[in-house]
Amino acid sequence: MNHAFVAALAAAGHTAESLADRIGVHPKTVARWANPGHIPQSRHRATVAGLLAKEIDTLWPDAGRRREPVWFRPWVDLEREAVTLRSFELAWVPGLLQTEAYARATLAGGMLAAEAVDEFTEARIARQAILAPGEGGPLLVAVLDEGVLRRRVGDDRALMAAQLACLLGHAEAGTVQLHIVPADAPSYPGLDGPFTIADMPDGSRVAHVDSAAQAQILDQPSDLVNLERRWERIRGEALPRGRSLALLREAAAAWT
């Protein structure tokens with residue numbers, strides 16, 4: 001627990017409900033800030049610190065030591081506060097479900113310096129704290145193209161075996177709802193690229209879309225409607241949970 005935040009909340013005479021009302025967020029969002037690794041969005045931090053009469057780095061020491069790429073930080077803030085995340089991936093295991101070895105291999109395959117690979121790997125693994133049991137984090141619904149399970153990352157087959165075992169552990173434990181679009185599916189809208197839709201505590205929705213040229217956050221209704229339609233069509237091509245797990249087990253065994 002973030003004892004500094006809890007103590008400051010009590011000392012200021014606030015509850016999660018009263019603080020949420022003052023800054024315009026859901027009380028569950030404020031409650032999450034008492035958990036390690038949960039930091040308010042940048043637009044809220046100064047307001048919260050002011051209301052609690054504390055410095056930002058006193059309440060959240062890690063707020064000033066972020067290691068994600070600058071362009072990605074706004075999405076990480078939204079990800080932490082989301083109620084549900086719906087993620088489709090065409091080429092990679094979602095970052096929230098990657099092992100450290102898999103994350104490092106994907107980053108090292110680019111043009112990054114070794115120091116940047118270390119920092120970004122650490123940041124990617126740190127993001128996964130929101131899925132830990134008892135953290136009150138979002139429900140993650142992940143749909144993957146079967147190619148993600150079959151495509152080798154790195155030089156060691158054991159790396160892929162460990163990554164698929166990790167996926168299977170999440171799916172069997174129920175911390176993630178996992179579905180696979182099989183390789184024999186016909187052409188489908190997921191081939192246009194990966195995206196994630198976040199449902200926020202206040203009922204709003206935002207999305208993160210990657211491309212070769214940029215990554216962007218979308219919040220316009222027209223964009224979200226189009227992504228919702230894509231999501232539903234992709235889910236329509238994906239296997240149900242039981243058959244998805246069977247395919248995942250078969251793919252994991254093929255890497256051993």
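In which sense do β5 and strand β6 (residues 215-218) pair, and over how many bridges? In this predicted model, β5 and β6 run in the antiparallel sense, and four bridges hold the pairing together on paper. One place to look is Val 209, which stands opposite Gln 216 in β6.

From β5 the reader can turn to its other partner, strand β4 (residues 195-199), which is joined to β5 (residues 205-210) by five bridges, again with the two strands running antiparallel. Within this pair, Ile 197 has Ala 207 in β5 as its bridge partner. The two strands form a hairpin, with five residues lying between them, and in the turn Gly 203 has a positive phi of about 90°.

These strands belong to an open sheet of six strands, whose order is β3-β2-β1-β4-β5-β6 and whose pairing is mixed. The edges are formed by β3 (176-181) and β6, each of which pairs on one side only. On average, and with direction ignored, neighbouring strands of this sheet are turned by 15° against each other.

At the β3 end of the order, the pairing is of the parallel sense: strand β2 (residues 139-145) and β3 are paired in this way over six bridges. Here Asp 145 has Val 181 in β3 as its bridge partner. Helix α11 (residues 221-237) packs on the sheet, where the helix touches β1 (84-89), β2, β3, β4, β5 and β6, and its direction makes about 110° with that of β4.

When following any one strand by eye, it helps to remember that in a regular strand the side chains alternate between the two faces of the sheet.

Key. Residues are numbered from 1 along each chain as its sequence is written. This is a predicted model: local features need pLDDT of at least 70, side-chain atom pairs count only at pLDDT 80 or more; totals for chains, interfaces and linings use all residues. Side-chain values use heavy atoms; hydrogens and water are left out. Two strands pair if DSSP finds at least two bridges between them. Axes are lines fitted to C-alpha atoms, for helices over the stretch in contact, and angles run from 0 to 180 degrees between N-to-C directions. Contact means heavy atoms within 4.5 Å.
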